[in-house]
Amino acid sequence: MKWFRTILGRVIFHAVLGTIGFYSLPLLNNYQTSGSLDLPGLTADVTVQRDENGMAYIRARNLDDLFMAQGFVTAQDRLFQMQLNRMLAQGRISELAGEKTLDLDRRMRTIGLHRLAQKQAAILNSTTTGYFQKYVDGINAFIETTPQDLHLEFRLAGIPPEKWDIADSLSILYYMGYATAANLDTEIISQMLLQTVGYEKTIQVMPVNINPDDPADTGTIPIPSARDLLFSDTLITQVSDFFQDRHLRAGSNNWAVSPDLSETGAALVCGDPHLDPRVLPGVWYPVGLICPGIRAVGAHIPGIPGMAIGRTDHIALAMTNNYGDMQDLYIERVDPDNPGHYLEENRSIAFDTRREIFKIKDKNAPDGFVTRKFTVRSSKRGPIVTDLFSGLTTDKPISLRFAPAESMTSDIGMLDIITAKNSAELAATLRKIPMVCLNWVFADAQGNIGHQVSGSIPVREDGHGTFPRPVTGNTDNWLGWISKDLMPGTLNPDTGWVGTCNHKTVTSDYPYYYSSYFAPRYRYERLKELMGEKGKKGVQEMWQYQRDVKNKMAQALAPVIARILMNHGDTRQMGELLGAWDHMDDPDAAAPAIFQTVYTIFAKKVFTDELGETNSMLLLNAWYFWQERLQQMVLAGRSDWFDDTRTHAVTETMSDLFWAAGIEAKTFLEEKLGTDMHQWQWGQIHTLDLVNPLARKNRAKNLLGTGPMPMGGSGETIYRGWYDFDAPFDITHCASLRMVVDFSDNEKITAVLPGGVTGRTFHPNQKDQVPAFMSGEKLYWWFSDQAIDAHTVSTLVLSP
């Protein structure tokens, strides 16, 4: 029995150790949430109440104190995350991660987002400057006055917390602007196609962008003539590496419902921004902001004051990416007689240069760091991005032009959201925001609903932004800016609702080139179906719609694939499962796994023979570029692209490619899910894995994160589960927040995060919302004083 006593002793020991750990680990990374604290800089006491999820509700006597307290409590919960975001935007991640992230830092320094933020900070009007300053004062007060409460993550990462200034906050805002300006994918891929397969074949696969609300829209995008393009090698494949930061991608759904369609008789607003939420606690920081004349409950990116999604007493709003084209690439000409100059016609102009110095973590260095120097060249259009690639020389360097660098104003609008009294005021406020091109959907307490786009889009002389432009003359092809009054938007549409799903919202008769990169219609068409169903809509329906898994792309294509697969004995059963499918991407169904696997393999077969492995992946990872175009080709049943150019004696058909894809998919799925197709489940291979920022690999990853969680949906469904084409089917982008506002309910807002409120490892509010996020359970942000008080679990008084 000695062995039994030994095992029993070990069990008891680990049970006791686990119990001690369960109760003590949170204490390693806790912070003060009750009692009182002195906060120099305040003019009066501020009360911070926290609910059962750790969300802070701040009550102040004026806006200055409100923003200072917001900076303080945000730092309490998210200072380490804010530090990482700031270092990313400033090109300083190598100070933490070493040489492996130097290329990323060089990209950020070359783009110069922090330099833009510093320039913006210098011209802000006095009111905006004052509020931003109060916010960063609150961040710095946390660092200075409560050093005992600093995040454990700082010690584990070996970096100190740093003081903030206004430019630090603005750099995150400019980073968001760069992240949401995605038309560069189109320019890079278009140039790659041009250089690889020529003009005529390139035209065959250019994107299809259709506004689903415009019957006259054929989806044709403006394409310059062949004589206006440069066909020679421009290092475009290498430049693609510069821009392929896939975690920057942003999607989303949002919609608003008028009182006429609402079962409560009041307007509804729904939003679920699609970002990369995989690093705990998630992207958004929720907070309540209350002072005389202001009651705002919602969320923002940590490091930026105010509210970007949520509601006030007067308005509610949510955003999606609009994909307006705010970036252009230019193919410059180096002066052969003076390599330090570039040419415009016959004029030789010196490149602007600046020296960037990088501090890189190195455990073998005497002080733990080494330095590297890098020179950034710029033409008058922007930085030369080809300089990033050592060992490569070209007489055609490529420059990047970024509209927010040229459209700065003293009033950036963001902080006026919480003071807007109605939809008209809010729309005017949103039009002021120059650096982020977003679809904002909103409603007000009077029942008005609307849509407004923010951002500044250049008017292009040649009417396109689809290919990089060769620089020939000295004239500027940007003639000015699209008038704010002509930016997409609507107020109280006849349909009784308004929504966006990253799709094209400008009509075919829009007077300017707007963009050539939009999401396919699938999610928006499904939203139109749901909103068109009989009956009025309530919060429950809105919440369910955000989790809807109907795949409109599959509805069009699966019958075609099923017929082909059923014609062959080795794929017949897969075809039968597809043929019987209701096109719902349910996690426990086999058909979604079959469809996604077959179709991705098929798409690769269509493009790889002509483009090669590297170039085809460049194309295929940009889903929006090719999805609607390939669907048209499949429904037509023919295309020159279906023939495998490597098999000269045979002309392959679409059916040949789908059959071959089916065979490969069968092998892949059997290896993953077993040989019984009826037991296959989409959710077993389509998973969301949330990780701790300091434990992304090895055994600690699942311990401090969630591990892979089965999830339905796909990139084509409202319930988004987007994955990278070359890494199926691990989810990279999904809802980073779900929110439904009902203006008839002044007690609460329905909302949930894929993580939690605080970014502190071991804290109970770091990932406590994950079960509700995955299951669809409703959680709430409290709105009224009574509801906030009823759910308060701690109160902290901040005193001057």
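These exercises cover aromatic pairs and charges over rings in a predicted model.

Residues are numbered from 1 along each chain as its sequence is written. Local features need pLDDT of at least 70, side-chain atom pairs count only at pLDDT 80 or more, totals for chains, interfaces and linings use all residues, and side-chain values use heavy atoms, without hydrogens and water.

**Exercise 1.** Classify the pair of Phe 80 and Phe 154, and place both residues.

Solution.
- Rings of Phe, Tyr and Trp (its six-membered ring) pair if their centres lie within 6.5 Å; planes under 30 degrees apart are stacked, over 60 edge-to-face, the rest tilted.
- A search of the whole structure gives 28 such pairs.
- Phe 80 and Phe 154 are 5.3 Å apart centre to centre, with 90° between the planes: edge-to-face.
- Phe 80 is in helix H2 (residues 63-90) and Phe 154 in helix H7 (residues 152-157), 74 residues apart. Helices here are DSSP runs (H or I, at least four residues) and strands are runs of E (at least two), numbered from the N terminus.
- Buried means under 20% relative accessible area, exposed over 50%, partly exposed in between (1.4 Å probe, protein chains only).
- Phe 80 has 2% relative accessibility, so it is buried. Phe 154 has 4%, so it is buried.

**Exercise 2.** Find the cluster that holds Trp 682.

Solution.
- Trp 682 and Phe 729 pair edge-to-face, at 5.3 Å and 70°.
- Trp 682 is buried at 0%; Phe 729 is buried at 2%.
- Ring pairs join Trp 682 and Phe 729 with Trp 623, Trp 626, Phe 668, Tyr 723 and Phe 725 in a cluster.
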